[in-house]
Amino acid sequence: MAPPRAAAVLTPSPLQTGAARIPPRRAAPPTPSTQQRRGGEAMGPRAKNKNDAAVRRWRTLQLGGAAALLAVALTSGAVAAGVGRAPAAAPAASRAVDPGVLGTGNLDASIASLQAHLRTQPKDAGSWATLGLAYVEQARTKGDPSRYPQADQVLRRSLALAPDSDQALAGRAALAAARHDFTDALTYADRALRQNPYSERALCSRIDALVELGRYDEAARAADTADARRPGVPVFTRYAYVHELRGDVATARRVLQQALSSATSPGDIAYVATQLGQLAWNQGEYAAALSEYARALAADDTYLPALEGRARAQAASGDRAAAITGMESVVSRYPLPAPLVELGELYEARGAAGDRARARQQYALVDTWVALARANGVDADLDTALAAADHGDKAAALRAARAEWARRHTVHTADALAWALHVNGRDGEALPYARRATATGYHNAVFLYHRGMIELASGNRAAGRSSLAAALKLNPGFSPVGAAAARTALEAAK
């Protein structure tokens, strides 16, 4: 498989790259229960009641008195998922509001413009599709998952007016991926590509869906196809991740470096440099990771994925104080489960007065995130399983992991199920899943740590020692709590 070409690198907007582009230095938005009453399509009363209850719980746990933003991740794992690039040419009926307006940097203004236009032109199918994509983006960047039901309604309306619109079909794929319904995401991406084989949004959604369904060989072929049709930053980063999942770190790094050398906009530079930082972090190359995160932040000093990655690398490098300060800043604006758990574990590892209570607060916020996400149609079982196994209801973790495994068989869901079985004392059942999580060659120290602990608990002492040693050799600071536990277990197993 040849590496992707460095030709025709685009200058995507936040919608186009799939990167988690956060509006810089803006006041916190209204809470979901407030925003759902503004413009667009209304949500049903049952969903609204669930949503309001989750928001009330969220308000009681706000961090440091600041209005915390609740952002819903579009995919799990390391895939930088998003809704892709708007088509070069919109259908004739939608040219009054070009999808490109969403890349101007002011998403709220673009949505207001679309809503005003649609009040006078309610049969404009393309603008309904663009509004649906804007709601998906708003849910992600503004912590407002109530926009997902609204996106669903307006995209359905677009398809009712134009059943073969590749723009609306690609929008449905993006919405399904945002809600972690990757089977539907694949179905809609395929339908969109039958209408427009060169839709970058649909090509990228197809790769993402196949990755998140664990169909890695098909994802690799889809990445080749996307590269041949629409080479550019969104495709290059997905191509790299497919190779990383198969253990081909050299190709993943080469492709990302190629993409970075071709990137010109600050958004592209921050996005790709952060991916390179994450790749280096996974290999335990902390100095290289910090260098890439610095490059990303030089391009955009508000880019939260780079700030989060830098905090993790700082912690692994021994600078816990800087890591805690950095992660506190991240979760105050973008409190997703992974950084919330990381911050909680950093508090646990520090062990200062009040740190145990601070850690519990972060873990409680994960539960609130899950409640709010589910109230708006997002499948949050993987997040539940990963957080609850170590810091919550272990039985709930196992239920969630089993439910997620029933939907999709990936290295991430295999690892989550293995660990949930382990913490519930079912190591004999856990071991095949732990082995499956590491079978593709993906370099992930957490997976090796989980496998090693399960092997030790299953009586496989030699294998357990080998797996734990491999985890610590690969990434010795992979977790503030887990790395210490791995060292303790490895010493005890000698």
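The legends below describe close-up views of a predicted model.

**View 1. Helix 10 and the elements that cover its buried residues.** Helix 10, made up of residues 216-229, has 14 residues and reaches 20 Å from its first C-alpha to its last, which is close to the 20 Å expected at 1.5 Å a residue. Within helix 10, the residues Tyr216, Ala219, Ala220, Ala222, Ala223, Ala226 and Asp227 are buried. Because these buried residues cover an arc of only 165° around the axis, they are placed on the same side of helix 10. An α-helix has 3.6 residues a turn, so residues three or four places apart point the same way. Arg221 and Ala228, on the other side of helix 10, are exposed. The cover over the buried residues of helix 10 includes helix 9 (200-212), helix 11 (233-245) and helix 21 (411-423).

**View 2. The crossing of helix 12 and helix 13.** The axes of helix 12 (residues 249-262) and helix 13 (residues 266-282) come within 9 Å of each other and cross at roughly 160°. This angle, being over 145 degrees, makes helix 12 roughly antiparallel to helix 13. The crossing of these two helices is left-handed. On the helix 12 side, Val249, Ala252, Arg253, Leu256, Gln257, Ala259 and Leu260 take part, and they meet Ile269, Val272, Ala273, Gln275, Leu276 and Leu279 of helix 13.

**View 3. The buried and exposed sides of helix 25.** In helix 25, which spans residues 482-492, the buried residues are Gly482, Ala483, Ala486, Ala489 and Leu490. Seen down the axis of helix 25, these buried residues fall within an arc of 125°, and therefore line one face of the helix. They pack against helix 23 (445-457) and helix 24 (461-474), whereas Thr488, Glu491 and Ala492, on the other side of helix 25, are exposed.

**View 4. His180 in the loop between helix 7 and helix 8.** His180 is found in the loop that runs between helix 7 (166-178) and helix 8 (182-195), and its phi is near 65°, a positive value in a residue other than glycine. Most residues other than glycine have a negative phi. With a relative accessible area of 8%, which is under the 20% limit, His180 is buried.

**View 5. Ala189 in helix 8 and its contacts.** Ala189 is found in helix 8 and is buried, with a relative accessible area of 0%. Not counting residues up to four places away in sequence, Ala189 touches Ala173, Ala202, Ser205 and Arg206. The C-alpha atoms of Ala189 and Arg201, which are 12 residues apart along the chain, are separated by 8.4 Å.

**View 6. Glu308 in helix 15 and its contacts.** Glu308 lies in helix 15, which covers residues 304-316, and counts as buried at 16% relative accessibility. When its neighbours within four places in sequence are left aside, Glu308 is in contact with Met327, Val330, Ala338 and Pro339.

**View 7. Gly377 in the loop between helix 18 and helix 19.** Gly377 has its place in the loop between helix 18 (355-375) and helix 19 (381-391). At 42% relative accessibility, a value between the limits of 20% and 50%, Gly377 counts as partly exposed. The C-alpha atoms of Gly377 and Ser146 are separated by 9.1 Å, although these two residues are 231 residues apart along the chain.

Notes
Residues numbered from 1 in each chain as written. Predicted model: local features only at pLDDT ≥ 70, side-chain atom pairs only at ≥ 80, totals over all residues. Heavy atoms only, no water. Helix = DSSP H or I, 4+ residues; strand = E, 2+ residues; numbered from the N terminus. Expected span 1.5 Å × (residues − 1). Buried < 20%, exposed > 50% of the residue type's maximum accessible area, 1.4 Å probe, protein only. Arc of directions from axis to C-beta. Contact = heavy atoms within 4.5 Å. Axes fitted to C-alpha atoms, helices over the stretch in contact; angles between N-to-C directions. Parallel < 35°, antiparallel > 145°, perpendicular 65-115°, else oblique. Left-handed = near helix turned anticlockwise from the far one by under 90°.
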